[in-house]
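Here is a short report on one protein chain. Keep the structure open while you read.

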Amino acid sequence: MAKQSDDTTLGRQVDQLVAGMDLASASQEDVAGVAGQIQGLGQGAVERLARGIFRLGPSRREKVAALLACLVGEPAQWAFDELEKLLHSRVLSPMERVWLLTALRRLEEAATGDEAARTTDAGTGPDYGPEGLPADESELLLWRDELASLDPADQEATIASILQRGDPTLLPFVEMVVSLRQPALDAAVACGLGHFATPATLPLLRELLRRPDPAVRKRARQALAALERQGIDTTQLFVAEAEADVPISAAYASRPDSHGWLIVLVARGTAPGRVRYAVVVVDPVEAGIARAWGESGLMQSDLQDRINKLSTGSGQELVRVEPNTAQVLVAEAERYARSQGKELPSDYVVWRRCIGSPTGPAQLPVTFAPACSECGKRIRGGDLKRGAIVLGHVALCATCAGRLRSCPGCGRALHPSFDEFLVRLDGGSGKVQFVCLRCARRR
Ligand SMILES: [Zn+2]
Ligand SMILES: [Zn+2]
């Protein structure tokens with residue numbers, strides 16, 4: 001009984017100390033002072049403080065994180081042990097896990113001394129990460145949705161806690177923040193990326209350097225300069241990052257439809273419950289990438305089921321292709337979208353990790369930015385609505401597709417609106433042919 005009342009009094013004391021601190025006006029010394037008072041109350045008080053990382057309230061997590069960051073030596077170890085217990089004892093939302101894991105990383109360094117922690121990172125890695133972090137695409141999306149639902153102050157606090165660490169394994173979260181396309185968050189990220197002394201930040205900076213908001217671009221340039229000062233080779237700015245992922249288990253693509261669109265699917269992982277896949281709908285005429293989605297945590301049979309449904313639903317059968325072919329298709333679609341100033345679907349940013357980067361060139365079944373094979377006019381989305389045809393590398397603008405033709409086999413006149421015929425490319429001349437169905441069948 002006495003112990004319980006002590007705990008309650010202690011708890012109240014800690015809570016009051018945390019609540020009485022105003023992070024906006026407090027100096028680093030003030031924060032350290034409060035942390036010192038809590039340490040002075042003993043192990044129970046430090047544990048109470050650590051558990052506060054899950055309590056909601058005005059900048060509550062931010063304050064707890066700031067106070068925990070002041071701990072060193074034995075008190076840091078107390079807080080670490082308490083948080084590690086929490087990590088394994090309850091179901092955490094992706095957002096809670098990130099708060100917890102960033103605090104754990106900091107505390108491990110503080111408890112063991114920076115150098116020891118760095119050695120651990122370089123070696124086998126601490127036992128709670130990076131695999132402890134939700135790097136799975138579905139979890140990243142949940143985390144992003146959770147972030148998007150917070151009010152601006154909490155969003156910035158969450159992002160600040162990630163950026164302060166400068167920990168490259170947290171970059172997938174930074175990528176999620178950038179995919180929300182909010183200028184205030186972009187600016188915070190652009191500032192914070194200077195703390196990550198790794199070329200892995202370059203693709204994100206490249207993204208931010210293209211943002212319409214001049215303040216975001218300015219900060220991205222400053223971050224780039226900061227990285228340069230740290231000896232990072234920023235000439236890699238336009239080189240894709242290296243991939244480290246589960247190997248691709250299968251890649252599929254459909255044949256292009258009459259608008260040139262095709263579906264690309266890349267699957268990774270074979271272990272039950274660990275299969276994931278990404279789908280990208282490639283539009284070589286307008287958007288480059290029309291849609292992207294995916295799923296993770298599947299069984300092999302789920303994947304087969306999705307592939308079958310996709311084939312039936314779209315009326316275009318998905319067939320196995322070389323993974324590199326699928327990757328080149330998606331990479332070219334992305335490149336085309338960028339060259340046309342098209343916005344990439346926000347979920348593409350996530351699922352492109354599952355697609356991965358190509359390892360070599362490949363012959364593609366489509367031509368991006370197709371032009372009419374007869375008059376050379378560039379085909380646009382509007383042409384397709386008026387009857388233009390895109391068949392892989394063959395294309396006809398609406399005007400040329402609407403002209404009266406004669407079958408090269410029998411000489412019969414073919415009216416595009418009334419007669420049935422096949423359109424194909426004559427291998428010898430490279431010209432488009434309209435062949436009547438009878439002659440087409442005879443071949
Ligand atoms: Zn034409
Ligand atoms: Zn014919």
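Which residue of E4 is the bridge partner of Val279? The partner is Trp293. This is a predicted model, and the pairing belongs to a sheet that makes a good starting point.

**The five-stranded sheet**

The sheet is open, with five strands in the order E4-E3-E2-E1-E5 and antiparallel pairing. Strand E4 (288–298) and strand E5 (319–320) are at the edges. Each has a single partner strand, so one side of each has no neighbour in the sheet. Strands of a sheet pair through backbone hydrogen bonds, in a parallel or an antiparallel sense.

The table collects antiparallel pairs, with one from outside this sheet, E10 with E11.

| Strand pair | Bridges | Residues that face each other |
|---|---|---|
| E1 and E2 | five bridges | Ala250 and Ala267 |
| E2 and E3 | seven bridges | Val266 and Ala278 |
| E3 and E4 | eight bridges | Val279 and Trp293 |
| E10 and E11 | five bridges | Leu422 and Val435 |

Look at E2 next. Seven of its seven residues are buried. Leu262, Val264, Val266 and Arg268 point one way from the strand. Ile263, Leu265 and Ala267 point the other way. Arg268 is thus listed among the buried residues along with its nonpolar companions. In a regular strand the side chains alternate between the two faces of the sheet.

E2 leads into E3 through a hairpin with six residues between the strands. Gly269 in this hairpin takes a positive phi, near 85°.

**Helices on the sheet**

Two helices are in view here. Helix H14 (residues 300–314) packs on the sheet and touches strand E1 (248–253), strand E2 (262–268), E3 and E4. Its direction makes about 20° with that of E3. Helix H15 (residues 323–339) lies across E1, E2, E3 and E4. H15 runs at about 135° to E4.

**The nonpolar cores**

Which residues touch the most other members of the largest nonpolar core? They are Leu68, Ala79, Leu107, Val189, Val264 and Val280, out of 99 residues in that core. Helix H6 (residues 94–112) gives the largest share, ten residues. Why does the core lie between domain 1 (1–133) and domain 2 (248–355)? Both domains give residues to the core, so it lies between them.

Apart from this core lies another, of 15 residues. Its members include Val285, Ala388, Leu391 and Cys397.

**Around H10 and H11**

Val189 deserves a second look. Leaving aside neighbours within four places in sequence, Val189 is in contact with Ile159, Leu163, Val174, Val177, Val178 and Leu208. Val189 is one of the buried residues of H11. The others are Leu185, Asp186, Ala187, Ala188, Ala190 and Gly192. That makes H11 mostly covered, with seven of its ten residues buried. The buried residues of H11 pack against H9, H10, H12 and H13.

Helix H10 (residues 171–179) has Phe173, Val174, Met176, Val177 and Val178 as its buried residues. These pack against H6, helix H8 (137–149), helix H9 (152–165), helix H11 (183–192) and helix H12 (202–208). After H10 comes Arg181, with a positive phi near 55°.

Is Pro214, in helix H13 (residues 214–229), buried or exposed? Pro214 counts as exposed, because it has 9 C-beta neighbours inside 10 Å and the cut-off for exposed is 12 or fewer. The C-alpha atoms of Pro214 and Ala187 are 9.8 Å apart, although 27 residues separate them along the chain.

**Strand E11**

Strand E11 (residues 432–436) is mostly covered. Four of its five residues are buried. Its antiparallel partner in the table is strand E10 (residues 421–425).

**Confidence**

The protein chain averages a pLDDT of 83, and 89% of the residues score at least 70. Where is the pLDDT below 50? One such stretch is residues 115–131, which has 15 contacts in the model beyond near neighbours in sequence. Another is residues 239–243, where pLDDT stays under 50. For residues 239–243 the model has six contacts beyond four places in sequence.

Key. Residues numbered from 1 in each chain as written. Chains lettered and ligands numbered in written order. Predicted model: local features only at pLDDT ≥ 70, side-chain atom pairs only at ≥ 80, totals over all residues. Buried ≥ 20, exposed ≤ 12 C-beta atoms within 10 Å, placed from the backbone. Helix = DSSP H or I, 4+ residues; strand = E, 2+ residues; numbered from the N terminus. Pairing = 2+ DSSP bridges. Core = buried A, V, L, I, M, F, W, Y, C linked by C-beta atoms within 7 Å. Domains from an automatic or database assignment. Contact = placed C-beta atoms within 7 Å. pLDDT = per-residue confidence, 0-100. Axes fitted to C-alpha atoms, helices over the stretch in contact; angles between N-to-C directions.
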